[in-house]
Amino acid sequence: MAKPSFGKREAPLDYGALVKNLGDRGPEKLYLLWGEEDYLLTDFVSRLRAACVGTAEDEFNVKRMDCPAPTANDIAEALNAMPFFGDRTFVELRGFDVNKCRDERTAALFTDIPDWCTVVITLPTGAEPDGRLSFIKQLKAAGKAVNFTAQTGAPLNNWIVRRFEAGGKRIDRDAVDRLVFLSGDLMNRLIPEIAKICGYVSGDRVTAQDVEKLAHHIPEADAFQMTEELARRNYDGAAAKLSELLAGDAEPVEIMGVIGWQVRQLYAAKIAEKSGRGAPFLMEILGTSSEYRARKLAETAARFSLGALTNGVRLCAEYAMKPRESGAITDAEAVKEFLIRFAMETRHA
């Protein structure tokens, strides 16, 4: 399960500017690439390779190592190989655990890459470079470091519209917002959802109702819908949503974390409401560029009292940190117990 974010986030990558820079200036000698948006990362590596050696298969000028700890000798051999019937060589180091590299010779190799060579280091999924380490500082100084963050706003929405158009469908604007809300903002997760919706919708128009019925719901979306049911005092509906969460692949401890994240966001939305601040302020403190999400949070928070949400945050902290006595209560039962106690807060508020 992706770890939810709360508060200020790193600004989304301007992928269009990155691609334009590659086209205008050509490939640099060294790239350090990582991030959750692996669809764009993979696409950029393909563009780099094409810029270096063309789009055809090239068994001579492309060197690839898929290893967490490549040796200095193997790296040196790849870097120093002269281009064969071409102008450049392309070296890709996949899965390189750069945070564990302590070899000074390896570090020195990346500061003296030949002019004809481009090296791309792609980190394993979920990993990120530790900027405190001297090796990471050397890599960043010698080349270009890019964090492929999830896309948001117009770039993501326009990409979704184009994917639906490629499938012969026209999607409503509110349906785009609903799809991102329900299925998340990572492109590799959205691609199969778009294909599924295109396959099941008979007409040429996709509505928000189609998305609601067909799209996969990520745990964060189900947690939000659970709190929506609580806000409406529909306790059976909230329990049904919790059952859906517990029936999924995530562990109860992870589910409790997602619920806690959701309740904190509702608490922040309530504080914004009480202070008379609008959607831009809420978007800033939540670290989101989605006006749709901010609006949905504000609408749901308005149905809760400040006291209920304050106690909800307290309960989330209690159940997140509370040690379980052996044989007393399971983690799944603890999540259900939390829901009952939070429901009581909303009933009495």
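**Exercise 1. List the buried residues of H2, then find what they pack against.**

Start with the list: Leu40, Leu41, Phe44, Val45, Leu48, Cys52 and Val53 are the buried residues of H2. Buried here means under 20% relative accessible area, with exposed over 50% and partly exposed in between (1.4 Å probe, protein chains only). Helices (H or I, at least four residues) and strands (E, at least two) are DSSP runs, numbered from the N terminus.

A quick word on the model: it's predicted, so local features need pLDDT of at least 70 and side-chain atom pairs count only at pLDDT 80 or more, while totals for chains, interfaces and linings use all residues. Residues are numbered from 1 along each chain as its sequence is written, and side-chain values use heavy atoms, with hydrogens and water left out.

Next, the partners. Those buried H2 residues pack against helices H1 (15–25) and H8 (187–200), plus strands S1 (30–34), S2 (62–66), S3 (89–94) and S4 (117–122). Contact means heavy atoms within 4.5 Å.

**Exercise 2. Check the length of H2 against its expected span.**

Take 1.5 Å times one less than the number of residues. H2 (residues 38–53) has 16 residues, so it should span 22 Å; its end C-alpha atoms are 22 Å apart, which agrees. Just after H2 comes glycine 54, with a positive phi near 85°.

**Exercise 3. Work out the strand order of the open sheet and name its edges.**

The five strands run S2-S3-S4-S1-S5, with parallel pairing. Each of S2 and S5 (144–147) pairs on one side only, which makes them the edge strands. Two strands pair if DSSP finds at least two bridges between them. S1 and S4 are joined by four bridges; one bridge partnership puts tyrosine 31 with valine 120 in S4.

**Exercise 4. Find the largest nonpolar core and its best-connected residues.**

First, the recipe: a nonpolar core is a set of buried Ala, Val, Leu, Ile, Met, Phe, Trp, Tyr and Cys residues joined through side-chain atoms within 4.5 Å. The largest has 79 residues, and Phe148 and Ile259 have the most contacts inside it. Helix H12 (residues 252–274) gives the largest share, 10 residues. Apart from this core lies another, of 26 residues, including Leu93 and Ile121.

**Exercise 5. Is threonine 300 buried or exposed?**

Locate it: threonine 300 sits in helix H14 (residues 291–301). Its relative accessibility is 4%, so threonine 300 counts as buried. Leaving aside neighbours within four places in sequence, threonine 300 is in contact with Phe224, Thr227, Glu228, Ala231 and Leu266.
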